[in-house]
Amino acid sequence: MRLTLRHYLSLITIILVGYFGYSQQQTKKIRVEYAGFTLRDSLTGENVTTFVRDNSQQIHVIHEGIDMFCDKAIYYQQEDFIEAFGNVRMNQGDTISMSAAYSEYSGKTQLAFASGDVILTEPQSRLTTDTLYFDRIKQQAYYKSFGTVVRDTSGTITSQVGRYYMNNKKYQFVNKVKLVNPDYTIDSDRLDFYTESGHAYLYGPTWIRGEQSTIYCERGFYDTKLDNGYFVKKSKINYENREVEGDSMFFDRNRNFASATNNIKVTDTINNSVIRGHYAEVYRDKDSVFITKKALAITVQERDSLYIHSDTMMVTGPPEHRITRAYYNAKIFKSDLSGKADSIHADQKTGLTQLINLERFASTDKFSGKRYPVIWNMKNQMTGDSIHLISNVETEQMDSLKVFNNAFLISEDTLGAGYNQTKGQRLIGLFRENKLYQVDIIKNAEVIYYVRNDAQELVGINKLKSGNILLTIADNTVEEIRPYNQPEGTLYPQSDFPENARLFRGFNWREEERPKSIEDLFSEDPPLELPKIGGLDEYIPQEEFFDEEMMERINATEENKETEEKKTGRNLPKEVLEAKRQKDSVTRTVPKTRKLPLSKPKKDQQ
């Protein structure tokens with residue numbers, strides 16, 4: 001399109017109107033809307049005016065959407081700077097208000113300073129401090145001499161250093177941060193708090209202390225409205241007699257519930273036991289812990305700890321009566337005893353540990369035979385439909401065991417010629433110093449035993465039947481076989497005993513399944529892929545309040561001030577100019593924002 005002269009003139013007019021409108025907006029000055037009395041000081045020059053309120057109302061000052069009220073004001077017209085004294089109130093719109101004993105405000109830099117019982121109020125919170133800096137350009141308020149923020153539903157937050165971001169409705173607290181709520185307190189190094197949502201983000205060593213729990217983390221989130229939180233990095237929860245640790249944790253105070261993910265450790269400080277895994281749920285009111293993904297329970301004993309592993313584990317009951325339930329491919333291990341079952345039930349109060357087979361494996365699983373409970377002690381293997389281990393809770397040593405239905409005791413012959421076997425309906429074994437020394441086979445008892453002399457020469461193979469049979473064992477060797485109730489049996493030379501008769505029906509030697517170390521407990525587990533922990537970013541240090549942009553504003557104002565002083569100072573008497581300089585040196589360190597430092601504060605104050 002071809003532009004005519006009229007188009008050019010119209011375009012120039014629009015540019016000029018925009019430019020002068022912008023210039024007027026930029027040069028808009030502080031305006032004193034109302035003042036009771038006006039005073040002038042000949043020493044300060046005609047550009048400095050003092051205003052004093054009258055009996056009807058306070059002084060009213062307006063600038064760029066801000067209303068200031070005070071009892072006394074000194075206005076530096078040339079610098080567009082005002083000092084306010086006595087019952088100072090400053091309102092920005094209808095949402096932000098501030099009160100103080102003293103305040104300063106620069107119309108050029110739009111920086112404000114307040115001191116003396118400062119209170120900053122917004123719809124969701126109230127900040128009180130001794131001194132406060134306010135940047136209207138960035139819409140930020142800042143204190144470094146201790147402050148207190150009160151929010152009705154969240155409590156009271158105090159810190160040495162703090163900043164309020166008005167656009168984001170966000171506080172950023174640094175150094176000695178404390179949030180006090182009727183139900184808990186939070187102590188942290190750094191805390192970001194959003195006033196509208198009540199969300200708090202925690203950074204650095206942090207403690208959340210309540211009546212029934214204490215939480216520690218080094219990075220976390222807490223919803224002060226819903227009373228729940230999410231914690232990562234060295235997080236742990238202490239429930240009086242339980243301590244829960246994990247890579248990430250969720251906590252709900254209303255339900256007294258916590259869950260944890262990855263590298264979990266639950267410590268029972270009363271019963272001296274530990275549970276590990278990679279996902280856990282803790283219900284404090286029910287005294288319940290649920291844990292899965294390589295779950296491992298450790299009962300710490302004076303001489304030898306007991307380990308129980310399974311796919312899923314649950315620990316319930318008060319400290320004086322803890323019960324551990326291990327489900328699906330459960331295993332047990334200690335130095336002199338190990339076992340395996342579909343599930344394990346251990347009662348710490350009674351010392352009873354039950355190894356149980358679930359019916360779901362009885363017919364459908366082709367490997368069901370291997371899942372029937374089995375116990376290994378020294379060189380002996382015992383199997384049955386279910387097995388009970390009884391330990392002495394005072395001495396922490398094995399007392400006895402009971403095998404119910406299809407009891408089967410197997411041990412290898414000392415020189416490997418075959419297997420010594422004892423079977424019956426039930427089996428009762430007695431332990432001395434955690435070693436099996438006596439076995440009673442009850443009902444339909446049968447024995448196949450390889451008999452050797454003192455020179456360990458094979459004498460023969462003894463096959464015996466009886467109603468009941470008693471075995472006595474020493475040094476893992478059967479010393480005596482004593483049958484009861486209609487015994488019948490024969491000692492056969494090895495050559496006369498058929499190979500196919502040397503194993504009882506139901507014989508199942510399961511030595512390859514035997515856990516011989518803690519690592520072996522996990523040998524049959526499928527590969528585990530841990531979820532990646534996310535959701536909370538690393539702490540980003542707050543930018544400096546007195547940043548380069550602000551200092552450029554201040555420096556630009558200072559340069560303008562010096563230029564104006566040179567222009568106006570030429571016509572002032574020498575003694576008046578000197579008096580003015582002295583007054584400025586005493587009362588002003590920055591052009592009309594005296595409390596603002598010329599140099600940037602140290603980073604530890606930010």
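This passage describes the fold, the strands around E25, the internal spaces and a few individual residues of the structure shown above.

The model is a predicted one. The protein contains 36 strands alongside 4 helices. Of its 606 residues, 48% are buried. Among the contacts with a separation of 6 or more, 45% are made by residues lying 24 or more positions apart.

A good place to start looking is strand E25, which spans residues 323–334. Of the 12 residues in E25, 9 are buried, so the strand is largely enclosed by the rest of the structure. E25 has partners in both E24 and E26. Strand E24 (residues 306–316) runs antiparallel to E25, and 8 bridges join the two. Within this pairing, Val315 stands opposite Thr324 of E25. E24 and E25 form a hairpin with 6 residues between them. Gly317, in the turn of that hairpin, has a positive phi of about 100°.

Following the chain onward from E25 leads to strand E26, residues 337–347. This pairing is also antiparallel, with 10 bridges between E25 and E26. Here Tyr327 is the residue that stands opposite Ser343 of E26. The connection between E25 and E26 is a hairpin through 2 residues. For anyone tracing side chains along these strands, it may help to recall that in a regular strand the side chains alternate between the two faces of the sheet.

The internal spaces come next. The structure holds 1 cavity of 30 Å³ or more, and the volume of the largest cavity is about 30 Å³. Its lining consists of Ile66, Met90, Asn91, Gln92, Ile96, Met98, Leu120 and Phe134. By class, 6 of these lining residues are nonpolar and 2 are polar, with no charged residue present. Strand E7 (81–92) and strand E8 (96–106) each contribute at least two residues to the lining of this cavity. E7 provides the largest share, with 3 residues.

The largest pocket, by comparison, has a volume of about 670 Å³. A total of 39 residues line this pocket, and those nearest its centre are Thr299, Gln301, Leu306, Asp347 and Gln348. Two of these names link back to the strands described above: residue 306 belongs to the range of E24, and residue 347 to that of E26. The lining of the pocket divides into 17 nonpolar, 14 polar and 8 charged residues.

Turning to the cysteines, the model has 0 disulfides under the distance rule applied. As a reminder, a disulfide is a covalent bond between the sulfur atoms of two cysteines. Two cysteines can be picked out for their surroundings. Cys70 counts as buried because its relative accessibility is 0%. Cys217 likewise counts as buried, at a relative accessibility of 1%.

A last residue to look at is Thr158, which is found in strand E13, residues 155–159. The relative accessible area of Thr158 is 16%, and because this falls under the 20% cut-off, the residue is buried. Beyond its neighbours within four places in sequence, Thr158 is in contact with Phe146, Gly147 and Thr148, and also with Lys176, Val177 and Lys178.

Note on methods. Residues are numbered from 1 along each chain as its sequence is written. This is a predicted model: local features need pLDDT of at least 70, side-chain atom pairs count only at pLDDT 80 or more; totals for chains, interfaces and linings use all residues. Side-chain values use heavy atoms; hydrogens and water are left out. On a 1 Å grid over the protein atoms alone, a cavity is a set of points where a 1.4 Å probe fits but cannot get out, and a pocket is an open set with protein on both sides within 12 Å along at least five of seven lines; lining residues have an atom within 4 Å of a point. Grid points are joined across faces, edges and corners, and a volume is the space filled by probe spheres set on the points. Ala, Val, Leu, Ile, Met, Phe, Trp, Tyr, Cys and Pro count as nonpolar, Asp, Glu, Lys and Arg as charged, and the others, Gly among them, as polar. A disulfide is a pair of cysteine sulfur atoms within 2.5 Å. Buried means under 20% relative accessible area, exposed over 50%, partly exposed in between (1.4 Å probe, protein chains only). Two strands pair if DSSP finds at least two bridges between them. Contact means heavy atoms within 4.5 Å.
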